Amino acid sequence: MWKGREATDPEGYRCRIGALWSRLFLRRGWAMVAFGTVWFRDEKTFANYLRDDFWRAHEHHHVWQEKHRFRNSLTYLLAFVWQYVRYRSHDAAPLEMEADEAARHALASKEAQ
């Protein structure tokens, strides 16, 4: 109950559904990457994520960002908070825009195969 249910997505990325903190702080329909894991508030959101190739590719890029561009998970999360405040939106934050572009590229590469 406290930690939620552990799962993996079709590409093998770690996911956790329904942890207490995610039920308290994440909105339905949202995901968040932290500590190399994609976190979800509830099973319905996770089921939607499993059906959405673009969303999965977007979150996978966030996992890459956290691992390769930041010293640790805390600096990664603080960068998001700072960008959301500075750019006054989720969609205008550079890390989000980069993840969208990476997802488009990943899906285009997949279709070309």
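Which helix or strand supplies the largest share of the lining of the largest pocket? In this predicted model, the answer is H4, with 6 residues. The helix spans residues 73-87, and its contribution belongs to a lining of 19 residues in total. The volume of this pocket is about 580 Å³. Other elements take part as well: strand S3 (31-34), helix H3 (53-69) and helix H5 (94-112) each provide at least two lining residues, as does H4. Nearest the centre of the pocket lie Ala 31, Met 32, Tyr 84, His 90 and Glu 96. Sorted by class, the lining comprises 12 nonpolar residues, 4 polar ones and 3 charged ones.

Strand S3 leads from the pocket to the sheet. The sheet is open and has 4 strands, arranged in the order S1-S2-S4-S3 with mixed pairing. Strand S1 (5-8) and S3 each have a single partner strand and stand at the edges, so each has one side without a neighbour in the sheet. From one strand to the next, the twist averages 30°.

It is helpful to walk through the sheet one pair at a time. S1 and strand S2 (residues 14-17) run antiparallel and are joined by 4 bridges; here Arg 5 faces Ile 17 of S2. The pairing of S2 with S4 is parallel and extends over 3 bridges, with Arg 16 opposite Trp 39 in S4. S3 and S4 are again antiparallel, with 4 bridges between them. In this pair, Met 32 stands opposite Trp 39, while Ala 34 has Thr 37 as its bridge partner in S4. Trp 39 is thus placed opposite Arg 16 and also opposite Met 32, and Met 32 is one of the residues nearest the centre of the pocket. The hairpin formed by S3 and S4 has 2 residues between the strands, and within this hairpin Phe 35 adopts a positive phi near 60°.

What covers the sheet can be described next. Helix H3 packs on the sheet, where it touches S3 and strand S4 (37-40), and the direction of H3 makes about 25° with that of S3. Is S4 covered or open on its two faces? Both faces are covered: Thr 37 and Trp 39 on one side are buried, and so are Val 38 and Phe 40 on the other.

Val 63 offers a closer look at helix H3, in which this residue lies. The relative accessible area of Val 63 is 12%, so with the cut-off for burial set at under 20%, Val 63 counts as buried. Apart from neighbours within four places in sequence, the residues in contact with Val 63 are Tyr 13, Val 33, Gly 36 and Val 38. Among these partners, Val 38 is one of the buried residues of S4. Arg 28 provides a further reference point: 35 residues separate Val 63 and Arg 28 along the chain, and their C-alpha atoms are 20 Å apart.

Technical notes:
Residues are numbered from 1 along each chain as its sequence is written. This is a predicted model: local features need pLDDT of at least 70, side-chain atom pairs count only at pLDDT 80 or more; totals for chains, interfaces and linings use all residues. Side-chain values use heavy atoms; hydrogens and water are left out. On a 1 Å grid over the protein atoms alone, a cavity is a set of points where a 1.4 Å probe fits but cannot get out, and a pocket is an open set with protein on both sides within 12 Å along at least five of seven lines; lining residues have an atom within 4 Å of a point. Grid points are joined across faces, edges and corners, and a volume is the space filled by probe spheres set on the points. Ala, Val, Leu, Ile, Met, Phe, Trp, Tyr, Cys and Pro count as nonpolar, Asp, Glu, Lys and Arg as charged, and the others, Gly among them, as polar. Buried means under 20% relative accessible area, exposed over 50%, partly exposed in between (1.4 Å probe, protein chains only). Contact means heavy atoms within 4.5 Å. Two strands pair if DSSP finds at least two bridges between them. Axes are lines fitted to C-alpha atoms, for helices over the stretch in contact, and angles run from 0 to 180 degrees between N-to-C directions.
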